[in-house]
Amino acid sequence: MKKVAIVILNWNGRQMLKEYLPSVLKYSREEATVYVADNASTDDSLTMLKQEFTEVELIVLERNWGFADGYNKALAKIEAEYFVLLNSDIEVTPDWLKPMVAYMDGHQDVAACQPKLRSIFDKHRFEYAGASGGYIDRFGYPFCRGRIFETVEEDSGQYDETADVLWATGAALMIRAKDYWETGGLDGRFFAHNEEIDLCWRLRIRGRRVVCLPESLIYHVGGGTLPKSNPMKTFLNFRNNLTMLYKCLPEEELKPVMRWRWALDYLAAWEMLILKRNVGDFKAIYRARRAFKRWRQDFEADRRAIQASRKAEKIPERRGFSLLWQYYVRGRKTYAKLP
């Protein structure tokens, strides 16, 4: 058994695997065993893997469990000290794993980490999904060193120092197996979107650290499953983000933050309709609010358990300002300009 297990979750991703899996095998096999967990694909992904990538370990799941539970089901079949959850549309670079393994070995208080992500289409620019490490603002809006909303910066080394973050991207997340299971893994009810932020926030509540290690570099296609403007993606992002807030917010902040989010979410919905003429996303936000209200009671036990596990009263990587105010009113479009 190798110390590191790289696990790529696949659903109908034959072309992505064929194009990007070779780099993962070339630059990772010394340190890690590479697995592909197939989420009941209907294309010929499995046939192609068996014929062309015989060195890959296959895990075949009986149905499409989504991103979150797909990983839970797959990781339950693997023994390793560290899991690396890696998207199928990732191109890795030489020695990308070594800094992360060395840092985790030397810092037992760190539960998870991520490399720096650049765009595969513009290799000098950060990639949207994780850039150089993630944070959230007071109201749950995520942002990164190198990306705020739709503003993605060019990488000129401005965020090359190792940094504690609130969340590491699910596109390339290294996590101790022990921490993964003790924290409960990814929340399978989310299906996809915000699940890695939820997991990392739960880790931080328990007093465990999450870091970004920019000396490790990878390139990411991004948007490989759903395009950015997609009603289903909008629905999942809003529903899951609200659920994450309900689970993880401290008691004294729960009601005021959720009141603000009620107003901000409906404002976002009407902006979609009036300014962007986007009826699909307008409806998706309303559906997400209704879905959250319907299933909120299902997470009451989760909330109690998470709050009971709280060791960190103050989590500095959850910033106290409003990102919307800073970005749209104050004009602060880059991470370095934020308070």
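User: Before anything else, which handedness does the crossing of H8 and H9 have?

Analyst: The crossing of H8 and H9 is left-handed, and this is read from a predicted model. In general, two packed helices are described by the angle between their axes and the distance between those axes. Here the axes of H8 and H9 come within 7 Å and cross at roughly 160°.

User: Are H8 and H9 roughly parallel or roughly antiparallel to each other?

Analyst: Angles over 145 degrees count as roughly antiparallel, and therefore H8 and H9 are roughly antiparallel to each other.

User: Which residues of H8 and H9 meet?

Analyst: On the H8 side the contacting residues include Met 258, Trp 262, Tyr 266, Trp 270 and Leu 273, while those on the H9 side include Val 279, Phe 282, Ile 285, Tyr 286 and Phe 292. Charged residues take part as well, among them Arg 261 and Asp 265 in H8, and Asp 281 and Arg 289 in H9.

User: How many aromatic pairs does a search of the whole structure find, and which kind of pair do Trp 270 and Phe 282 form?

Analyst: The search of the whole structure finds 21 aromatic pairs. Trp 270 and Phe 282 form an edge-to-face pair, with 4.9 Å from centre to centre and 70° between the planes. This pair links distant parts of the chain, since Trp 270 belongs to helix H8 (residues 251-274) and Phe 282 to helix H9 (residues 279-295), 12 residues apart. Trp 270 counts as partly exposed because its relative accessibility is 39%, whereas Phe 282 has a relative accessible area of 14% and is therefore buried. Another edge-to-face pair is that of Trp 295 and Phe 299, at 4.9 Å centre to centre and with 65° between the planes. Trp 295 is buried at 15% relative accessibility, and Phe 299 is buried at 0%.

User: Which residues form one aromatic cluster, and where does Arg 147 lie?

Analyst: Phe 126, Tyr 135, Phe 143, Tyr 159, Phe 321 and Tyr 335 form one aromatic cluster. Arg 147 lies over the face of Tyr 128, at 4.0 Å from the ring centre, and Lys 73 lies over the face of Trp 65, at 4.3 Å from the ring centre.

User: Why is helix H6 described as largely enclosed by the rest of the structure?

Analyst: The reasoning rests on burial: 11 of the 11 residues of helix H6 (residues 195-205) are buried, so the helix is largely enclosed by the rest of the structure. The buried residues include Glu 195, Asp 198, Arg 202 and Arg 204, alongside Leu 199, Trp 201 and Ile 205. H6 is followed by Gly 207, whose phi is positive, near 90°.

Note on methods
Residues are numbered from 1 along each chain as its sequence is written. This is a predicted model: local features need pLDDT of at least 70, side-chain atom pairs count only at pLDDT 80 or more; totals for chains, interfaces and linings use all residues. Side-chain values use heavy atoms; hydrogens and water are left out. Rings of Phe, Tyr and Trp (its six-membered ring) pair if their centres lie within 6.5 Å; planes under 30 degrees apart count as stacked, over 60 as edge-to-face and the rest as tilted. Helices (H or I, at least four residues) and strands (E, at least two) are DSSP runs, numbered from the N terminus. Buried means under 20% relative accessible area, exposed over 50%, partly exposed in between (1.4 Å probe, protein chains only). A charge sits over a ring if NZ of Lys or CZ of Arg is within 6 Å of the ring centre and within 35 degrees of the ring normal. Axes are lines fitted to C-alpha atoms, for helices over the stretch in contact, and angles run from 0 to 180 degrees between N-to-C directions. Angles under 35 degrees count as roughly parallel, over 145 as roughly antiparallel, 65 to 115 as roughly perpendicular and the rest as oblique. A crossing is left-handed if the near helix is turned anticlockwise from the far one by less than a right angle, and right-handed if clockwise. Contact means heavy atoms within 4.5 Å.
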